[in-house]
Amino acid sequence: MRINRKLNKPKEVIEINDEIDLSLINPLINIYKTKKGNLIPLLQGVQSIYGYIPEEAFYKLNKDVGLELAAMYGVATFYSQFRLNPVGKHIIKVCHGTACHVQNASKITDAIMDSLKINDGETTEDNMFTLESVACLGCCSLAPVMMIGDETYGKLTGKSSVKVIKNIKIQESKANN
Ligand code: FES
C-alpha cells in the first residue's frame, strides 16, 4: 500500500503501510510515555528498530504519546542522526570533514556513486548499500576516511574504496549461497 507522505494530512485518510509492524514501538512508548523530554529518545528508539523513522511511527507517537507532529518532524529533519527513509543493509559513511575534504574525499564519494549507480544519500535498488556524506569521523590522521558498519577504512582512493565495497558484495553473495 502506498504511504501518504504529507504529514499534515488528516488522520482518517492516512494510508498505512502494511509491512511496518508498529506494535514494535509499544515497549518504547511504555517506557517514555510519561517522561519529560521524551521526544528525542522516542525518535532514536524508533530509528533503532526500523533503521529509519517511518511516517506511520510519527502518527502513532502523536496518537499514543500526544507528541505534536510538527515538533517531531522538526526535530527529525533538524538533526542529521535521524533518517526519514529506509536504508540499505550496509551504510557507507564517507567523511567530508575538513581533513578528509582536503585529501579529496569527494573523489571517494564520486567513485562509489559511479560504482553503485546511486547519488549521495541514496540506497541501491537491492537495498544492500546506502551512501552518506558525514562530518568528521574522528580519525583525521587516516584521511580520507569512510566507515561501513563498525569498520573504518582510511587513506582511501576512489579505487580502494570501490574495492572495499566489491569485497563486501563478494562476502554477501558467499553468505547467500
Ligand atoms: S575529517 Fe575525516 S575523520 Fe576527521
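Two strands count as paired when DSSP finds at least two bridges between them. With that in hand, here are the close-ups of this predicted model.

**View 1. The whole chain, before zooming in, has seven helices and four strands.** Along the sequence, the elements of the protein come in the pattern α-α-α-α-β-α-α-β-β-β-α. The protein has 177 residues, and 23% of them count as buried. If you take the contacts with a sequence separation of 6 or more, 61% of them link residues 24 or more positions apart.

**View 2. Four strands make an open, mixed sheet.** Follow the strands across and you meet them in the order β2-β1-β3-β4. At the edges sit β2 and β4, each of which pairs on one side only. From one strand to the next, the twist averages 20°. Strands of a sheet pair through backbone hydrogen bonds, in parallel or antiparallel fashion. Here β1 and β2 run parallel and are joined by six bridges. For one pair to look at, find K93, whose bridge partner in β2 is E132.

**View 3. Helices α6 and α7 pack against the sheet and against each other.** Helix α6 lies across β1, β2 and β3, and its direction is at about 150° to β1. Helix α7 touches β1, β2, β3 and β4, and makes an angle of about 5° with the direction of β3. Between the two helices the packing angle is about 45°, and their axes are 8 Å apart. An angle of about 45° falls in none of the ranges for roughly parallel (under 35 degrees), roughly perpendicular (65 to 115) or roughly antiparallel (over 145), so α6 and α7 are oblique to each other. Their crossing is right-handed. On the α6 side, the contact is made by K107, I108, D110, A111, I112 and S115, and on the α7 side by G158, K159, S161, V162 and I165.

**View 4. The largest nonpolar core holds 18 residues.** Which residues touch the most other members of this core? They are I92, V94, C95, I108, I112, V145 and M146. Two or more residues come from each of β1 (90-95), α6 (105-116) and β2 (129-134), and α6 gives the largest share, five residues. Another core, of 12 residues, lies apart from this one and includes L43, V46, A57 and L67.

**View 5. V94 makes contacts well beyond its sequence neighbours within four places.** Once those neighbours are set aside, V94 is in contact with A105, I108, T109, I112, S133, V134 and M146. Among these partners, I108, I112 and M146 also belong to the group that touches the most other members of the largest core.

**View 6. Helix α3 (residues 55-65) has buried residues covered in part by its neighbours α2 and α4.** The buried residues of α3 are E55, A57, F58, K60 and L61. Their cover includes α2 (39-50) and α4 (69-78). Helices α3 and α4 pack at about 135°, with 9 Å between their axes, and are therefore oblique to each other. The crossing of α3 with α4 is right-handed. F58, L61 and N62 of α3 meet L69, M72 and Y73 of α4 in this contact. Just after α3, look for G66, which has a positive phi of about 90°.

**View 7. Three loops carry backbone features to check by torsion angle.** Most residues other than glycine have a negative phi, and most peptide bonds are trans. Where is P144 found? It is in the loop between β2 and β3 (146-148), and a cis peptide bond joins A143 to P144, with omega at about 0°. K117, in the loop between α6 and β2, has a positive phi near 60°. Is K117 buried or exposed? K117 counts as exposed because it has 9 C-beta neighbours inside 10 Å, and the cut-off for exposed is 12 or fewer. K155 lies in the loop between β4 (151-153) and α7 (158-175), and its phi is also positive, near 50°. With 11 C-beta neighbours inside 10 Å, K155 therefore counts as exposed too.

Terms used
Residues numbered from 1 in each chain as written. Predicted model: local features only at pLDDT ≥ 70, side-chain atom pairs only at ≥ 80, totals over all residues. Core = buried A, V, L, I, M, F, W, Y, C linked by C-beta atoms within 7 Å. Buried ≥ 20, exposed ≤ 12 C-beta atoms within 10 Å, placed from the backbone. Contact = placed C-beta atoms within 7 Å. Axes fitted to C-alpha atoms, helices over the stretch in contact; angles between N-to-C directions. Left-handed = near helix turned anticlockwise from the far one by under 90°.
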